[in-house]
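Colleague: Thanks for sitting down with me over this one. Could you take me through it, and tell me what stands behind each term you use?

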There are 2 protein chains.
Amino acid sequence: MSLVVLGTVALDNIKTSKGHHRALLGGSAAHFCMSARLFTKVHMVGIIGEDFPKKHIRFLRSKGVDITSLISRQGKTFQWHGEYKDHDLNTAITLATEIGVLMNYRPQVAAHQSRLPNLFLANIDPDVQLRLLRLMDRPKLVGLDSMNLWIAHRKKALRLLMKMVNLFVLNDGEARQLTGETNLLKVAKALRRMGPQMVVIKKGEHGVLFYCDRFMFTFPAYPVEHVVDPTGAGDTFAGGLMGYLSKAGRVNETALRKAVLYATALASFNVEGFGMAKTATLTLPRVHARMKKLIKFIMP
Amino acid sequence: MSLVVLGTVALDNIKTSKGHHRALLGGSAAHFCMSARLFTKVHMVGIIGEDFPKKHIRFLRSKGVDITSLISRQGKTFQWHGEYKDHDLNTAITLATEIGVLMNYRPQVAAHQSRLPNLFLANIDPDVQLRLLRLMDRPKLVGLDSMNLWIAHRKKALRLLMKMVNLFVLNDGEARQLTGETNLLKVAKALRRMGPQMVVIKKGEHGVLFYCDRFMFTFPAYPVEHVVDPTGAGDTFAGGLMGYLSKAGRVNETALRKAVLYATALASFNVEGFGMAKTATLTLPRVHARMKKLIKFIMP
């Protein structure tokens, strides 16, 4: 079943020891789509400026992403300038952000899209996430992601959202920041008490913890020897997770474990290239092959 | 088949937010024994001073540990004074160490013990580890552990030892220190090139990576909500690993995966109490019950 994703569509400028790339297609919604598209039709909700390269539009269309609700406004596309140091590829250092058209963005969604059953609120201002959620017509499965900036400055909106979603995806540092707990199991339980039935804590190279009332599980990350650019790994992960669940049409333990495995495999491809260099050309058979290796790697 | 372990036997003084305990039985050999004893007969090689409490001797004997080669010398038992802060229970802060009888310790081993097939060189000065290894009569399986102090100050002896052992167990920070690599897969490969056929990198709360030429695998740690005292978790892990392999009498992929699962389950008990409070009373059925939970937790 189809899936709507709201998030940023950005031009990323990324510096690592492996190179410096400018104006790469990025943003939470774009990375999410690149992995979710492998499982289901994805409808992107976002905003771009007049400087947004036509080739990125063509690219998104060529990948089957529905961009009906990707609106274009006068002004500049959101830009992120970031850097990763070799000794800590888990941590992005933000050099600059140019908000551009994201300022005062009010999401819009086409009538037919508002009735779609699956929704993911990728990382963007929680007020914008709330607005879109209110435009939707009772979606069955709603996922949410956020980040340190919103935990610090939009806590109220974020806490309200947490009561309205089924699945909350967050990285470990941010989850600790939000709950004030250190122990990850305590963190997961505290997040669960804040609202969402399902909690997914991403631990970067250490993998992921899934927690809900009836069961929990954890998978390590797929071991990648040559990490090139981790930007968007979390969004790629979320795209695989929500994409698979949307396709499966059910949210039980078996589907969830499989969804997290897909998500883990997809995130490992993402970090192997700059921007979407690796995920853009992916096919499901290649994801399956890596999942097979992943399962061999983690099977008790 | 029986197992010989060389390591420290210590009196530990441990401070955490949960309390301050003095003169607890500790040390790498003691923690190792407390978990390996569940699988096989363990022969402890180490040294204590005249201040070593009789109750600890009785305790070790009552747990079936053979202490024929635990020698007592004039002087003080090795003491460790350490602290853990709540926000980072992975990192022990050493407040003080009193070397005592460990200074100029020359390990001894009884004739019948020198012919035993399994040997673990737990954390102690590499020169002492080399001495014991040379006293042994061609053991079939030799494991090795070390620490930052020896990597910094006894690198030559450690590198020599690495060429003489089958299995090398090290924590991730120390493994990075020794190899100069950051990426864990590169770290594992670099350690492999230094000699040992099998490399086990312990990642604390993030679990463990096993690497050898033919296969590799990783398991997350068992999630412990109330971590009381992590002292000896790595030694408890190694005791489970070597204990199970010694009992199994074979070192193939199936046995290794099972050994690492046992080791992981055992380490999780260790951190739940001060010193050996939790591991001292363990029975195999309780370890099995936790392993069952662990497998459910990590099964793809």
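Modeller: Happily, and I'll start with a term: buried area is the accessible area (1.4 Å probe) that two parts lose on being put together, summed over both. For chain B and chain A that area is about 2,600 Å², with carbon and sulfur atoms giving 58% of it. This is a predicted model, where local features need pLDDT of at least 70 and side-chain atom pairs count only at pLDDT 80 or more, while totals for chains, interfaces and linings use all residues. Residues are numbered from 1 along each chain as its sequence is written, chains are lettered from A and ligands numbered from 1 in the order in which they are written, and side-chain values use heavy atoms, with hydrogens and water left out.

Colleague: Which residues of chain B lose the most area to chain A?

Modeller: Glu225(B), Phe297(B) and Pro300(B), which together account for 26% of what that side buries. In terms of contact (heavy atoms within 4.5 Å), 30 residues of chain B touch 30 residues of chain A.

Colleague: What makes Lys189(B) and Glu225(A) a salt bridge?

Modeller: The rule asks for a side-chain nitrogen of Lys or Arg within 4 Å of a carboxyl oxygen of Asp or Glu. Here the N to O distance is 2.6 Å, so the pair qualifies. It belongs to an interface where the rule finds four salt bridges, and the search over all chains gives 22.

Colleague: Why is the pair Arg176(A) and Asp172(A) called a salt bridge too?

Modeller: Their closest N and O atoms are 4.0 Å apart, and the limit is within 4 Å, so the pair is counted. Both residues lie in helix α7 (residues 172-179) of chain A, four residues apart, about one turn of the helix. Helices here are DSSP runs (H or I, at least four residues), and strands are E runs of at least two, numbered from the N terminus.

Colleague: How do you describe the packing of α9(A) and α10(A)?

Modeller: Two packed helices are described by the angle between their axes and the distance between the axes. Axes are lines fitted to C-alpha atoms, for helices over the stretch in contact, with angles from 0 to 180 degrees between N-to-C directions. Helix α9 (residues 233-248) of chain A and helix α10 (residues 253-270) of chain A pack at about 145°, their axes 7 Å apart. The residues of that contact comprise 13 nonpolar, four polar and one charged; Ala, Val, Leu, Ile, Met, Phe, Trp, Tyr, Cys and Pro count as nonpolar, Asp, Glu, Lys and Arg as charged, and the others, Gly among them, as polar.

Colleague: And what angle do α7(B) and α8(B) make?

Modeller: Roughly 65°, with the axes coming within 9 Å.
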